[in-house]
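Colleague: Got a minute to go through this one with me? I'd like to start with the sheet and its helices, then look at the empty spaces.

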Amino acid sequence: MVQEKSFVDQVRRGRVASPTIRTFDANAWRTALGRATGTADEPIIRAGLWFGEALQARWRSIEALDLRRMSLGALTREMAAVANLTHLRTIAMAEMAALELDRASLPSGSVAQVRLGAGESAATADMIRTSTIDTLGKMVAYVRGAPAPSRRDRPVRSETLTTALTLFEDVYLLEYLWGHVLWCGWQVPTNGPVLRFLRPDPDPAGRSFIIGEFRREMLLAEFMGVYAMEWARLGTRLPGSWSVQTRDLGQGAAFQVRPLQPGEGPLPPTYALRALLRATELEPYIEEPLPNLDDPTISLDDLLKCWELLALAMDSLVQRSFAKGPKAPPLTFAPTVRLADLEALLEPLGWTPQKRRAAIRHFVYEDTAPDGLWSKPLLPVGGGKVAPVFAPISCPNLLRTAELWLAEAAGERFFSRRGNEAEAKLRRRLDTGLKTRPWGQASMVLDAEWKPKIDGVGRDIDLVIRIDETVFIGEMKLKKHPVSAAEIGRHMLEFDHAAEQLDIRLKWLDQNRRRLAEQTRFDADPARLRLQGFVISGTAFGCGTQAGDYPIVDIDSLEFFFGEDAFLVTGQIGPESGYRGRADRPEQALALVQGDAATSFLAYLRHPLHVRHAEQALVTQIRRSRLRSTDHGLEWPEHHVDATQLGPATADVIAARLRAGWEDAIVKARLSSP
């Protein structure tokens, strides 16, 4: 870890202007380089100088284009058209991949992790959408930001737009790579015609990020599969949804909304996303009013209802756009919609006009948007109209976006109690699961908060589990799933902090075994108790790695061990089994507890099977790109889960590898049991 007062640490904390900041001062960095010769800071400072100069050159070229003097409404539509056309092409490529690969050959039938395109530019649909929206988000923020000129009446020229997009693509790519140098330990050993980056080896954070993304996509695919089956089942008790059709594209777009009952057509794509969100730690906040919005009666659930209707409306516009064909004029793909028509879209919800207006306004782009176009995807074009950007509405990372909505609309009001509520919910769920386990008779979960005084300070012990004579102490860290290098780096620092907190708590517990025995209802000699700490991640990121001497496991994996008997490499689900998985063959089911339950749980913490399963298909490839404005070559290693390796055809091979690894993990846990 970088020393607390190092130059790099000051950059990370924002106390020194980063190369990505427009006010970057190269002279200050050169002075710092003179002081840092021979230290760990030196290579990062040298890289920062190169990135800073490259970025400043592109910003000067952007300024020379005079984009801010062009018609704001026209330029905004052009940017929306670029984003939406890319979204349409991505959908088309994903559908072609599904036909070529056969969904039945993929885990959960999902093409989310299949690379689209060919050669060095191949990328998943999410990678394509993310790079496009992030690039255009930078351009939108620049064009609409201060200082605003007195006149904006110049026409938008296609050659100027093309040059601007090229420059902003370079800015996005340079900032992406610099973030990984600053936060994730990437190195730049060469600076020639091709700039080659090296990841750290080993690279637990980078691997965990990609596996976490894969697991998130697979969880959504499983939810969609289950809800699609239940939606079609005769006699289901699922609530209905909506059908939205575009009925007019004259001066804008108006929408026809009608209720949709289960079994009436396919399951709407928004349905499972909302259901999945209710299964997260945000569930307690969904019904509560959000005080910072224009209408104080709006809740997160209301914003989700609004988003659902917007997403269904955008899907209707996407189908209209497809019908125009790829040779249609670019602005065909940036339809404008009157805000009044979007407010009318919400009429079936029975809300007041003020509430409908406030809900729609929440999605209209502002300079202060917390995540740019991802959280505010309706771009104002003047005259009471907006140009929707399809991808953030139709394909959001809804958990992250909902957290951003809460942060904006409620501030610290909810998040100040989020940790305690999540810990209490986890304790309840683990205790419920434990009571159904055949090995649970000699085990317990402390179902109340324990805050003993340690070194004179009251310190929470988030989770206490006793299995036989072993007490497991969990320290929870709740953060959004990272989407940037900086968030990955900060997440890892939080895990390190959790390890330091565990050190303090385990030392005290070791010295106060009688109190520990009382809390865990252990009637034998307290000296027989063994202690093991672990870190709990609120998201899939970090699971399967370590912080200090402690394994990291995520909430979903933890609940899985206490709620299931086996990990299924492949299996079947259906209403006849209550949607619980059933292995295709016995050899594809790995029993979670083999022999001693405490030893098996320790092995699972160190060897979480969901992560080890995804690792079977984790590949690292060299990604090649270019800075388009200078034709400077770039190369970096890129991790990827190749989902085609995890389908039914390879299930027996994967199961054999997992079984061997799992049995080895149990042996090692037995030998190293605390």
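**Sheet, pocket, cavity, rings**

Modeller: Helix H7 (residues 204-232) lies across S19 and S20. H7 runs at about 60° to S20. Keep in mind that this is a predicted model.

Colleague: Which other helix packs on the sheet, touching S19 and S20?

Modeller: Let me give the sheet itself before that. Three strands form an open sheet, in the order S1-S20-S19, with mixed pairing. The twist averages 30° from one strand to the next. As for the helix, H6 (residues 158-184) packs on the sheet and touches S19 and S20. The direction of H6 makes about 135° with that of S19.

Colleague: Which strands stand at the edges?

Modeller: In the order S1-S20-S19, the edges are strand S1 (194-196) and strand S19 (618-627). Each has a single partner strand, so one side of each is left without a neighbour in the sheet.

Colleague: How many bridges join S19 to S20?

Modeller: Ten, and the two strands run antiparallel. S20 covers residues 632-641. Val-619 stands opposite His-640 in S20.

Colleague: Switching to pockets. What is the volume of the second largest one?

Modeller: About 340 Å³. It is lined by 19 residues, and the closest to its centre are Gly-419, Asn-420, Glu-423, Met-476 and Leu-478.

Colleague: Which element gives the most to that lining?

Modeller: H14, with seven residues. Helix H14 (412-434), strand S11 (470-477) and helix H15 (485-511) each supply at least two.

Colleague: And how do the lining residues divide by class?

Modeller: Eleven are charged, five polar and three nonpolar.

Colleague: What about closed spaces? How many cavities of 30 Å³ or more does the structure hold?

Modeller: Three. The largest cavity has a volume of about 70 Å³. Among its lining residues are Trp-307, Phe-363, Trp-374 and Trp-405. Helix H9 (300-324), helix H12 (390-394) and helix H13 (398-410) each give two or more residues to the lining. H13 has the largest share, three residues.

Colleague: What classes line the largest cavity?

Modeller: Ten nonpolar residues and two polar ones, with no charged residues.

Colleague: Last topic. How many aromatic pairs does a search of the whole structure find?

Modeller: 29. Take Phe-51 and Phe-197: their ring centres are 6.1 Å apart and their planes are at 40°, so the pair is tilted.

Colleague: Where in the chain do those two sit?

Modeller: In distant parts, 146 residues apart. Phe-51 is in helix H3 (residues 42-64), while Phe-197 is in the loop between S1 and H7.

Methods:
Residues are numbered from 1 along each chain as its sequence is written. This is a predicted model: local features need pLDDT of at least 70, side-chain atom pairs count only at pLDDT 80 or more; totals for chains, interfaces and linings use all residues. Side-chain values use heavy atoms; hydrogens and water are left out. Two strands pair if DSSP finds at least two bridges between them. Helices (H or I, at least four residues) and strands (E, at least two) are DSSP runs, numbered from the N terminus. Axes are lines fitted to C-alpha atoms, for helices over the stretch in contact, and angles run from 0 to 180 degrees between N-to-C directions. Contact means heavy atoms within 4.5 Å. On a 1 Å grid over the protein atoms alone, a cavity is a set of points where a 1.4 Å probe fits but cannot get out, and a pocket is an open set with protein on both sides within 12 Å along at least five of seven lines; lining residues have an atom within 4 Å of a point. Grid points are joined across faces, edges and corners, and a volume is the space filled by probe spheres set on the points. Ala, Val, Leu, Ile, Met, Phe, Trp, Tyr, Cys and Pro count as nonpolar, Asp, Glu, Lys and Arg as charged, and the others, Gly among them, as polar. Rings of Phe, Tyr and Trp (its six-membered ring) pair if their centres lie within 6.5 Å; planes under 30 degrees apart count as stacked, over 60 as edge-to-face and the rest as tilted.
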